[in-house]
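Biologist: Hi! Could you pull up the model so we can go through it together?
Modeller: Happy to, here it comes.

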Amino acid sequence: MSHNIDDPNRPAREADFEIVARCRKGNIEAFGTLVEKYQKKMLNVAYRMVGDYQEACEVTQEAFLSAYRAIKKFRGEASFSTWMTGIVLNQARNRLKQIKTRSQYEGRSLNEPVETAEGSVSQDPPSGELNAAEQMEKKDAETAVRDCIRSLDPEFREVLVLRDIQEYSYEEIRDILKIPEGTVKSRLFRAREILKERLKRHAGSL
Amino acid sequence: MMECGQIQKRMPAYVDGMDSPEERRLIDQHLPSCPSCRKALEEYQNNRERLRNLKEVEPPPGFAQRILAQVEEEEEKGGLLKKLFYPLHVKIPIQAIATIVIAVLAIQVYRTSEPQKAVVQRYEVTIPAAPPKEEIRKEDRQEAAIPPAAKPPQADTLRAEEPKKKAASSPIQEKTSPAPAAASRETERAEASLAQKRAKMQTESPAPPQKLEAAFPRPAETITLPLKANDIAAAERTVEAVLRNLGAEKIERSSIGKAEIVTADMPSQNLKDLLEKLSPFIEAKERDRASQPTEGTILLRIEIRPK
């Protein structure tokens, strides 16, 4: 497929691999470079997965820590970004399980938002281009999408976050989730179907 | 011609531009004639845009630094652990020290608990063997296993009996306690059963190890001598004098009712002399019964009663 032949990420990938090589020799500064470079991307993956800003920060932090511990095992079969995203998703899954147990213990329904998310929303930098009414409208639409993503099963949420939000290629998603490409496609189809239905229902209820 | 279901199943790949040219051509052919598939495609595209346009969150200030600080902290901790476990390039220090400590402790515990175990063993043998107080007149003396300090004041009256000796040398004494015949028969029966029990217990309880033998010597042979005298006090003095002459030790006196009891430890080879010297007070049959040859030290119990 065309996207494989001319990998636009190739130079970045090679640069990362050099940095990783330095990390493996115990160079913490080199690892710092990688953290600086990928913190935002990883935080956003985590945020879309767990749906809460604070939790996402913790997940990202944990993920970087375990990446550092495991950096000797990273041989560069995939890009650092892909490998790192896999770690973030693992951490996010664990965190979601914890949240589930916690909310069961506290007797809350899982369909409710885990947090009111107002705090996390306020973390979003407001875009200066829109007027107040437009901002409100946009926020409503965004809230709807966010809630719908959050209501999906984690396995559907993952493919949607990776493909439609982070725009990873099918091949990269296959490497991250360690599932066959056919499964990536079918799962993505199911995820988009469910999301479509839920957004429709959401719009109807307004 | 593909059906709408099949078309829509391929739509995610179509939207992403990830389908094969052939699939793409089929969908392109189908769409103009099918409003529902066109609508579905539109929805997919819209939703994808909505997802893509979701605003990204920014990391909190100092996020990267915080992560690095944690990494550094862990690195230092890891270094410390490495120093603890690998200074000799052999992973022994902590494990080896722990093993030695446990071994030393185990030996210590075993040592401190050993004498206590021996005492407990002794009690198990002697205590149930004690005859019920003074009701049983006929009793042999056995040196109690309890240290002297722990001995109760009336220990003499609670002496345990040595079964194997019993048959040979314990004369039955009923003269001074003129109980009815029935009662004495009962006493005899009780004693017989007690003796049986004791014998059983001795065979059941394993022989104590040699080490214990040193700390708690086997009880010596016990011999009871019934004496008859008109003047009990005078007889007692004579007995004591004779005992001293014959090298007896631990001479003790006590009285039960009208009888005076003198107990002492004496070398067994002097037993014959003792019997001779006390012959005026001892009945012939008692003398014969008591003069069994024994070894080592014997425990004497001389009971002086009025004629």
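Biologist: Let's start with E167(A). Is it buried, partly exposed or exposed?
Modeller: This is a predicted model, and in it E167(A) has 41% relative accessibility. E167(A) counts as partly exposed because that value falls between the 20% and 50% cut-offs.

Biologist: And where in chain A does E167(A) sit?
Modeller: E167(A) is in a loop of chain A, the one between α8 (154-165) and α9 (170-177).

Biologist: What's up with the phi of E167(A)?
Modeller: Phi is near 55° there, so a positive value, and E167(A) is not a glycine. Most residues other than glycine have a negative phi.

Biologist: What about K250(B), what is its phi near?
Modeller: Phi of K250(B) is also positive, near 55°. K250(B) belongs to a strand, β2 of chain B, which covers residues 249-256.

Biologist: Back to chain A as a whole. How many helices and strands does chain A have?
Modeller: Chain A has 10 helices and 0 strands. Its pattern along the sequence reads α-α-α-α-α-α-α-α-α-α.

Biologist: How much of chain A counts as buried?
Modeller: Chain A has 206 residues, and 47% of them count as buried. The area that chain A exposes is about 10,900 Å², with 49% supplied by carbon and sulfur atoms.

Biologist: And what share of the contacts in chain A comes from residues 24 or more positions apart?
Modeller: That share is 66%, counted among contacts with a separation of 6 or more.

Biologist: Switching to the interface. How many residues of each chain are in contact?
Modeller: Chain B brings 33 residues, in contact with 46 residues of chain A. The area buried between the two chains is about 4,100 Å², and carbon and sulfur atoms give 61% of that.

Biologist: Nice. How many salt bridges cross between chain B and chain A?
Modeller: The rule finds 8 salt bridges across that interface. One of the pairs is E43(B) with K200(A), whose side chains meet at 3.7 Å, N to O. For polar contacts between the chains, the count is 12 residue pairs, both residues at pLDDT 80 or more.

Biologist: Which elements of chain B give two or more residues to that side?
Modeller: They are α1 (4-9), α2 (11-16), α4 (35-52) and α5 (63-85) of chain B. The largest share comes from α5(B), with 11 residues.

Biologist: How do the residues on that side of chain B divide by type?
Modeller: There are 15 nonpolar, 5 polar and 13 charged residues on the side of chain B that touches chain A.

Biologist: Let's zoom in on D16(B). Which helix is it in?
Modeller: D16(B) is placed in helix α2 of chain B.

Biologist: Buried or exposed?
Modeller: D16(B) counts as buried, because its relative accessibility is 11%, under the 20% cut-off.

Biologist: And what is D16(B) in contact with, beyond its sequence neighbours?
Modeller: Leaving aside neighbours within four places in sequence, D16(B) contacts R163(A), Y170(A), L188(A) and R192(A) on chain A, plus R48(B) on chain B.

Biologist: Which residues have side chains in polar contact with the D16(B) side chain?
Modeller: One is R163(A), where a polar contact of 3.4 Å joins the side chains. Another is R48(B), with a side-chain polar contact of 2.9 Å.

Biologist: Last one: how far apart in space are D16(B) and Q45(B)?
Modeller: C-alpha to C-alpha, D16(B) and Q45(B) are 9.3 Å apart, with their positions 29 residues apart in sequence as the separation.

Conventions
Residues numbered from 1 in each chain as written. Chains lettered and ligands numbered in written order. Predicted model: local features only at pLDDT ≥ 70, side-chain atom pairs only at ≥ 80, totals over all residues. Heavy atoms only, no water. Contact = heavy atoms within 4.5 Å. Buried area = accessible area lost by both parts, 1.4 Å probe. Salt bridge = Lys/Arg side-chain N within 4 Å of Asp/Glu carboxyl O. Polar contact = N/O pair within 3.5 Å; in protein donor to acceptor, adjacent residues only side chain to side chain. Helix = DSSP H or I, 4+ residues; strand = E, 2+ residues; numbered from the N terminus. Nonpolar A, V, L, I, M, F, W, Y, C, P; charged D, E, K, R; others polar. Buried < 20%, exposed > 50% of the residue type's maximum accessible area, 1.4 Å probe, protein only. Areas by Shrake-Rupley, 256 points an atom, 1.4 Å probe, with all protein chains shown as cover.
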